[in-house]
Amino acid sequence: MSDIANVDKKTFDYLMEEPPERWARSCSPRRRYDMLTTNIVELMNYVLLEVRELHVLRMMDFIQVKLQRWFYERRNEAEGTFYDVSCWVFPVDSWHSRVEEEGITFLVDLNKRTCDCFQFQFDELPCIHAIAAIEKRNIKKSNFYSDWYLKESWLKIYERQIHPVGNTDSWIVPESVKS
């Protein structure tokens, strides 16, 4: 931050308007991930561009069909995966197996799931240094991924189906709601 302040004081002041735990993963008390977008509104705005001018009921039908398709496709993709880990974090075999990198030795604690590079504990995914330590001990890599990245969790996300709501004439609406 001092380097930023030296280069551009206005940028530093702007960043410091909010506490670092709000915008820096390393200072956050909660887990934050950089692999997925957290801005679902922007995604849906993009998806709805083609139907924005439709009547609201038609738009809701479009959203339902879109979600049904997404769930169906992702469920099929998850069921077709042969690995213990979701394809989004597939354990790449080409990761190099050095714990020493550019003359720097990284301390990896597989029991605590930590590494001096901090990536292991921030992402809850083995970093290249942890992968090297895991491979050296011939341990299964998927044992070191957070449960969120495992195929089993991936399947649970999409196990439910989104059913059509049907015609309003077939709805059973309680009297308390009608009134």
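**Exercise 1. Charged pair in helix 7**

Task: State whether K156 and E152 are buried or exposed in this predicted model, and find the N to O distance between them.

Solution:
- Start with accessibility. K156 is exposed, and E152 is exposed too.
- Next, take the closest N and O atoms. They lie 3.9 Å apart.
- Apply the cut-off: a salt bridge needs a Lys or Arg side-chain nitrogen within 4 Å of an Asp or Glu carboxyl oxygen. K156 and E152 form a salt bridge.
- Finally, place the pair. Helix 7 covers residues 151-157, and K156 and E152 sit 4 residues apart in it, about one helical turn.

**Exercise 2. Two further salt bridges**

Task: Determine how many salt bridges the rule gives. Then describe the pairs K9 with D13 and E175 with K178.

Solution:
- The count is 4 salt bridges.
- The general idea comes first. Side chains of opposite charge can pair when their charged atoms come close.
- Take K9 and D13. Their closest N and O atoms are 2.7 Å apart, and the two residues form a salt bridge.
- Both belong to helix 2. They are 4 residues apart, about one turn of the helix.
- Check exposure. K9 has a relative accessible area of 47% and is partly exposed. D13, at 35%, is partly exposed.
- Take E175 and K178. Their side chains form a salt bridge with an N to O distance of 3.7 Å.
- This pair lies in helix 8, residues 175-178. The spacing is 3 residues, about one helical turn.
- Check exposure again. E175 is exposed at 57%. K178 is exposed at 55%.

**Exercise 3. Cysteines without a bond**

Task: Explain why C117 has no disulfide to C115, and why C127 has none to C117.

Solution:
- A disulfide is a covalent bond between the sulfur atoms of two cysteines.
- The test asks for two cysteine sulfur atoms within 2.5 Å.
- For C117, the closest cysteine sulfur is that of C115. The distance is 3.6 Å, so the atoms are too far apart for a bond.
- For C127, the closest cysteine sulfur is that of C117. At 3.7 Å, this pair is also too far apart for a bond.
- The structure's total is 0 disulfides.
- Compare the surroundings. C117 is partly exposed, with 25% relative accessibility. C127 is buried, at 1%.

**Exercise 4. The largest nonpolar core**

Task: Identify the members of the largest nonpolar core and the contacts of F120.

Solution:
- The core has 10 residues: F106, V108, L110, C115, F120, C127, A130, A133, I134 and F144.
- Assign the main contributor. Helix 6, residues 128-136, supplies the largest share, with 3 residues.
- Look apart from this core. There is another one, of 8 residues, including M44, M59, F62 and I63.
- Now centre on F120. Leave out residues up to four places away in sequence. F120 then touches L110, R113, T114, C115, L125, P126, C127, A130 and F144.

**Exercise 5. A nonpolar surface patch**

Task: Name the residues of the nonpolar surface patch and give their joint accessible area. Then locate M16.

Solution:
- The patch consists of M1, I4, M16 and W23.
- Together they have about 330 Å² of accessible area.
- M16 belongs to helix 2, residues 9-16.
- Check its eligibility. A patch residue needs over 30% relative accessible area. M16 has 37% and counts as partly exposed.

Technical notes: Residues are numbered from 1 along each chain as its sequence is written. This is a predicted model: local features need pLDDT of at least 70, side-chain atom pairs count only at pLDDT 80 or more; totals for chains, interfaces and linings use all residues. Side-chain values use heavy atoms; hydrogens and water are left out. Buried means under 20% relative accessible area, exposed over 50%, partly exposed in between (1.4 Å probe, protein chains only). A nonpolar core is a set of buried Ala, Val, Leu, Ile, Met, Phe, Trp, Tyr and Cys residues joined through side-chain atoms within 4.5 Å. Helices (H or I, at least four residues) and strands (E, at least two) are DSSP runs, numbered from the N terminus. Contact means heavy atoms within 4.5 Å. Patches are made of residues with over 30% relative accessible area and no salt bridge: like charges are joined within 9 Å, nonpolar side chains (Val, Leu, Ile, Met, Phe, Trp, Tyr) within 5 Å. Accessible areas come from the Shrake-Rupley method with a 1.4 Å probe; for residues, only the protein chains shown count as cover.
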